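Please find below a colleague's note on the structure, set out as numbered points for the reader to follow alongside the coordinates.

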Amino acid sequence: MILFDVYPVNDITITKAEGSTVWDDKGQEYLDLYGGHAVISIGHTHPHYVQRLTDQLGKVGFYSNSIHIPLQQQLAEKLGKISGKEDYQLFLCNSGAEANENALKLASFHNGKKKIVAFKKAFHGRTSLAVAATDNPKIVAPVNETDNVVFLPWEDQAALEAAFKQHEVSSVIIEGIQGVGGINVASPAFLQKIRTLCDEHNAAFIADSVQCGYGRSGKFFSHDHAGVNADIYSMAKGMGNGFPIGGIIISPKFKPVYGMLGTTFGGNHLACAAALAVLEVIEKESLIENAGVVGSYLMEELRKIPQVKEVRGRGLMIGIELPEELAHVRKELLFKHKIFTGEAKPNVIRLLPSLALTKAQADHFLTAFKAELN
Ligand SMILES: Cc1ncc(COP(=O)(O)O)c(C=O)c1O
């Protein structure tokens, strides 16, 4: 049996990992500024995380939602406290697409409307509604095509107002910082406008925080930089530091009832233990603050480099736009300098490291990056 082709593969096999360092099967060390696509939030194989998961596995790894799982309540309480959204409700699932799928569905259950406003270059996942709200026709199968999604230009307040006049909008879904789209930061003014229009028209503001959330931006949710609350936040990637878990938190103005949403695996014992370990480490090691400090330092230094066209981002979610003739730099960083980074088409290097990245590791990257550019 051969494997389905999922992603462009680098010819590297990782066999060991610790913090922001990984090693391949030949013992070669790499600096990881990619975190398996923004997933490694507290660092690889963090001792507290390994201990908590190992302990849980020795007790009970899984049981479905047909029994009490006190770990879920502990997770909800900790998440409420750290995110500052203590009066929200938590629904647990297994991935980012699933989180957005449930968010869009719940919004429609809530207000009985159908139209979804999404934005150019958005990525919300690959399941039916999530992919329909993703601005990439290549990954939308004919069966996913729907008239229920309207794509608007990024940051266009007039287009947003017009859409609310023209359609019965059920929800507006927006990444606080577009990831796949190339690290585009939503301005506070635009997010505030979404809040106002959603309030005026009984529509739900859905903050896709799958990639930009969980402390990465220097605040728990990147949308928090705008000083307004969304109605639903979707989360996944950093939530389990590699253990598959996703979720949505739901504003108290929603009255979700039994039967609207459901899941077999969501909220299982091991997933909750992983998510609790992540939050405990985020809190104990002040990783949200660290993401803000080290991220600002990196962006400041990157902006001084003349060959760089533009630096975008917040905290440790950084996009470095290069001119076309430097498109090869990312591969050189990996194969020559042994540094993993991410990419966004056409020429953006995406930095999505662990929130525990140190200034020394940031300097290591800056030295290699400058050497390569020169
Ligand atoms: C902003 C955003 N939303 C949703 C998703 C989908 O998450 P998953 O791959 O866990 O389904 C992603 C994945 O890259 C993402 O970046």
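The points below take up the ligand shell, two helices, the nonpolar core and a sheet.

1. The model is predicted, and every remark here should be read with that in mind.

2. The ligand is surrounded by 14 residues, and the closest are G96, A97, G125, V210 and Q211. Sorted by class, this shell holds 5 nonpolar, 7 polar and 2 charged residues. Helix α4, residues 96-111, makes the largest contribution to the shell, with 3 residues.

3. Helix α4 deserves attention in its own right. Its 16 residues reach 23 Å from the first C-alpha to the last, close to the 22 Å expected at 1.5 Å a residue. The helix is mostly covered, with 12 of its 16 residues buried. The buried positions include G96 and A97, both of which are also among the closest residues to the ligand. Further along α4, L104, L106, A107 and H110 are buried as well. Just after the helix, G112 adopts a positive phi of about 70°.

4. The largest nonpolar core comprises 106 residues, of which A133, V172, I206, I232, A274, A275 and V278 touch the most other members. Helix α8, residues 269-284, supplies the largest share of this core, 12 residues. In soluble globular proteins, nonpolar side chains tend to be buried together.

5. Which residues does V172 contact, leaving aside its neighbours within four places in sequence? They are V117, I194, C198, A203, F205 and I206. One of these contacts, I206, is itself among the core residues that touch the most other members.

6. Helix α9 spans residues 287-303; its 17 residues reach 24 Å from the first C-alpha to the last, close to the 24 Å expected at 1.5 Å a residue. Buried residues of α9 include L287, I288, V294, L298 and L302, together with N290 and G292. The elements that cover the buried residues of this helix include α8, β13 (310-314), β14 (317-321) and α11 (359-373).

7. An open sheet is formed by 4 strands in the order β1-β2-β3-β15, with mixed pairing. Strands β1 (14-18) and β15 (339-340) stand at the edges with a single partner strand each, so one side of each has no neighbour in the sheet. Within the sheet, β2 (residues 21-24) and β3 (residues 29-32) run antiparallel and are joined by 3 bridges. The bridge partner of W23 in β3 is E29. Strands of a sheet pair through backbone hydrogen bonds, either parallel or antiparallel.

Definitions and conventions. Residues are numbered from 1 along each chain as its sequence is written. This is a predicted model: local features need pLDDT of at least 70, side-chain atom pairs count only at pLDDT 80 or more; totals for chains, interfaces and linings use all residues. A nonpolar core is a set of buried Ala, Val, Leu, Ile, Met, Phe, Trp, Tyr and Cys residues joined through C-beta atoms within 7 Å. A residue is buried if 20 or more other C-beta atoms lie within 10 Å of its own, exposed if 12 or fewer, and partly exposed in between; C-beta atoms are placed from the backbone. Helices (H or I, at least four residues) and strands (E, at least two) are DSSP runs, numbered from the N terminus. Two residues are in contact if their C-beta atoms, placed from the backbone, lie within 7 Å. Two strands pair if DSSP finds at least two bridges between them. A residue is near a molecule or strand if its C-beta atom, placed from the backbone, lies within 6 Å of it. Ala, Val, Leu, Ile, Met, Phe, Trp, Tyr, Cys and Pro count as nonpolar, Asp, Glu, Lys and Arg as charged, and the others, Gly among them, as polar. The expected span of a helix is 1.5 Å times one less than its number of residues.
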